[in-house]
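The following exercises concern one protein chain and are to be worked with the sequence and the model in view. Each task is followed by a solution in steps.

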Amino acid sequence: RKTAAELQEAEQSLAIVEGAQRSQKSLVDTHARTMETAYAAAEAALRSGDEDAARTQLELRQAAKAKKEFAEADLAQATQRVATMQSSVAALAERASRIEQSIATTASSATMGRASASSVDLDDEDPLEKKFRDLGA
């Protein structure tokens, strides 16, 4: 029961960590789109002759790039946490499986032990009583 509870808790934790990883990936993607949008706006401003607007957009792009790099580092850490949690969940699942097999084997052995005990009981019948019963029958 304890292992099953630990496994359930680990699976819930894994789901949380995976959610954080997805969130971090989304943040990286948002910064990438911001960079693309700012670059396109800088190109458009430059084509229209507005160098100040182009410079402003390129500065926004640089700021988004810095944020994206920071978010990518966080994403790498989140990915590592997911991998670690997946390993932990797999180990707990394997442990739970071994415990279940052990319980099943023990239960099976106990059942077989009772069956052989009852056959032993029949074989351990007193020979004198058996002979008396055979003569009386």
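A residue is called buried when its relative accessible area is under 20%, exposed when that value is over 50%, and partly exposed in between. The model is a predicted one.

**Exercise 1. Describe the overall make-up of the protein chain: how many helices and strands are there, and in what order do the elements run?**

Step 1. The protein chain contains 3 helices and 0 strands. Read from the N terminus, the order of elements is α-α-α.

Step 2. Of the 137 residues in the protein chain, 18% are buried. The accessible surface amounts to about 10,200 Å², and carbon and sulfur atoms contribute 55% of this area.

Step 3. Among contacts with a separation of 6 or more, 77% join residues that are 24 or more positions apart.

**Exercise 2. Assign D29 to its exposure class and identify the residue that it meets in a salt bridge.**

Step 1. The relative accessibility of D29 is 28%. D29 therefore counts as partly exposed, since the class covers values between 20% and 50%.

Step 2. The side chain of D29 forms a salt bridge with that of K25, with an N to O distance of 2.9 Å. Side chains of opposite charge can pair when their charged atoms come close.

Step 3. Both D29 and K25 belong to helix 1, where 4 residues, about one turn of the helix, separate them. K25 is likewise partly exposed, because its relative accessible area is 41%.

**Exercise 3. Analyse the salt bridges of E6 and K68: which residues are their partners, and where do the pairs lie?**

Step 1. The whole structure holds 5 salt bridges. One of them joins E6 to R95, whose closest N and O atoms are 3.4 Å apart.

Step 2. This pair links distant parts of the chain, with E6 in helix 1 and R95 in helix 2 (residues 51-123), 89 residues apart. E6 has a relative accessibility of 26% and so counts as partly exposed; R95, at 36%, is also partly exposed.

Step 3. K68 and E72 meet through their side chains in a salt bridge of 3.2 Å, N to O. They are separated by about one helical turn because they stand 4 residues apart in helix 2. E72 is partly exposed, with a relative accessible area of 33%.

**Exercise 4. Decide whether Q24 is buried or exposed, and list the contacts of Q24 and Q21 beyond four places in sequence.**

Step 1. Q24 lies in helix 1 (residues 2-47). Its relative accessibility is 16%, so Q24 counts as buried.

Step 2. Beyond four places in sequence, Q24 touches A71, D74 and L75.

Step 3. Q21 is also placed in helix 1. With the same sequence neighbours left aside, Q21 contacts L75, A78, T79 and V82. The side chains of Q21 and T79 make a polar contact at 3.0 Å.

**Exercise 5. Which residues form the largest nonpolar core, and which element gives the most to it?**

Step 1. The largest nonpolar core comprises 9 residues: L7, A10, L14, V17, V82, M85, V89, L92 and A96.

Step 2. Helix 1 and helix 2 are the elements that give two or more residues to this core. Helix 2 gives the most, with 5 residues.

Step 3. L92 touches T3, E6, L7 and A10, when residues up to four places away in sequence are not counted. In soluble globular proteins, nonpolar side chains tend to be buried together.

Notes
Residues are numbered from 1 along each chain as its sequence is written. This is a predicted model: local features need pLDDT of at least 70, side-chain atom pairs count only at pLDDT 80 or more; totals for chains, interfaces and linings use all residues. Side-chain values use heavy atoms; hydrogens and water are left out. Buried means under 20% relative accessible area, exposed over 50%, partly exposed in between (1.4 Å probe, protein chains only). Contact means heavy atoms within 4.5 Å. A salt bridge is a side-chain nitrogen of Lys or Arg within 4 Å of a carboxyl oxygen of Asp or Glu. A polar contact is a pair of N or O atoms within 3.5 Å; within protein, one must be able to donate a hydrogen and the other to accept it, and residues adjacent in sequence count only if both atoms are side-chain atoms. A nonpolar core is a set of buried Ala, Val, Leu, Ile, Met, Phe, Trp, Tyr and Cys residues joined through side-chain atoms within 4.5 Å. Accessible areas come from the Shrake-Rupley method with a 1.4 Å probe; for residues, only the protein chains shown count as cover.
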